[in-house]
Amino acid sequence: MVKIQSKYFGEIEYEPEDIITFPAGLFGFEEEHTFLLLPFEGSNGSMLCFQSTVTPGLAFVALDPFVLRHDYTPVLQKAELNLFGVEDVQELAFYVLCAVKNPASASTVNMRCPVVIHPDKREARQIIMEMDAYEMRHPLAEFGPREEAASC
């Protein structure tokens, strides 16, 4: 059991096997490679936090894109699927990062560059999808009144 200080949850304990590894880091944080995926209480698993295991103040709010848009259809290139060792996006988990602003209604969600996780390998990458259907800054308000989205 390892203890760390987290940005949103205070001191937490985790097992090393709980770590999600980002071999290339996240955009703008390429030196950060290990995170925990922690659910926010009361969100039913649709609002989570990628908490760095190295930098206590570094955490990213993430949302389940399929809760925001039931028609969300991520498309990965063959080379990206190969990075994960899979043939179909259905084998992967997707999360979108939320740029939290004050007021919360000004927050945006990056639907074009999801964080993609291979659940069995606990390996993740942030992928830029080559499609025009999704933007990097979707206003949270466009998804309608959702309790978990509104508190992002």
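## Strands, cores and a pocket in a predicted model

Residue Q51 has A59, in strand β6, standing opposite. This pair comes from a predicted model, and β6 is a useful place from which to begin reading the structure.

Strands β5 and β6 run antiparallel and are joined by five bridges, and together they form a hairpin in which six residues lie between the two strands. On a further pairing, β6 is joined to β7 by three bridges, again in the antiparallel sense, and here V61 has C98 of β7 as its bridge partner. Strand β5 also pairs with β4, to which it is joined antiparallel by five bridges, and within that pairing L37 stands opposite F50 of β5. Strand β4, residues 34–39, pairs in turn with β3, residues 20–21, in the antiparallel sense over two bridges, with T21 standing opposite T34 of β4. The table sets these pairings out together.

| Strands | Sense | Bridges |
|---|---|---|
| β3 and β4 | antiparallel | two bridges |
| β4 and β5 | antiparallel | five bridges |
| β5 and β6 | antiparallel | five bridges |
| β6 and β7 | antiparallel | three bridges |

How are the residues of β6 placed with respect to burial? Five of the five residues of β6 are buried, so this strand is largely enclosed by the rest of the structure. In a regular strand, side chains alternate between the two faces of the sheet. In β6, the residues A59, V61 and L63 point one way, whereas F60 and A62 point the other way, and all of them are buried.

The interior can be described through its nonpolar cores. The largest nonpolar core has 26 residues, and those with the most contacts inside it are L63, L76, L92, V109 and M111. At least two residues of this core are supplied by each of β5 (47–52), β6, α2 (78–84) and β7. Apart from this core lies another one, of 14 residues, which includes F50, L58, V115 and I117. Turning to a single residue, L92 is in contact with L76, L81, F84, V86, V116, I117, H118 and P119, once its neighbours within four places in sequence are left aside.

The largest pocket holds about 290 Å³ of space. It is lined by 15 residues, of which L97, A99, N110, Q126 and M136 are the closest to its centre. Two or more lining residues come from each of the elements β6 (59–63), β7 (93–99) and β8 (108–109), and β7 gives the most, with three residues. By type, the lining divides into 11 nonpolar residues, three polar residues and one charged residue.

Two further residues can be followed later in the chain, and the first question concerns P139: in which strand is P139 found? The answer is β11, which covers residues 138–139. P139 has a relative accessible area of 39%, which means that it counts as partly exposed. With neighbours within four places in sequence left aside, P139 is in contact with S107 and T108, while its C-alpha atom is separated by 19 Å from that of P74, which is 65 residues apart from it along the chain.

G144 is found in the loop between β11 and α3 (147–150), and at 31% relative accessibility this glycine also counts as partly exposed. The C-alpha atoms of G144 and T108 are separated by 13 Å, and these two residues are 36 residues apart along the chain.

Note on methods
Residues numbered from 1 in each chain as written. Predicted model: local features only at pLDDT ≥ 70, side-chain atom pairs only at ≥ 80, totals over all residues. Heavy atoms only, no water. 1 Å grid on protein atoms, 1.4 Å probe; cavity = no way out; pocket = protein on both sides within 12 Å on 5 of 7 lines; lining within 4 Å. Points joined across faces, edges and corners; volume = space filled by probe spheres on them. Helix = DSSP H or I, 4+ residues; strand = E, 2+ residues; numbered from the N terminus. Nonpolar A, V, L, I, M, F, W, Y, C, P; charged D, E, K, R; others polar. Core = buried A, V, L, I, M, F, W, Y, C linked by side-chain atoms within 4.5 Å. Buried < 20%, exposed > 50% of the residue type's maximum accessible area, 1.4 Å probe, protein only. Contact = heavy atoms within 4.5 Å. Pairing = 2+ DSSP bridges.
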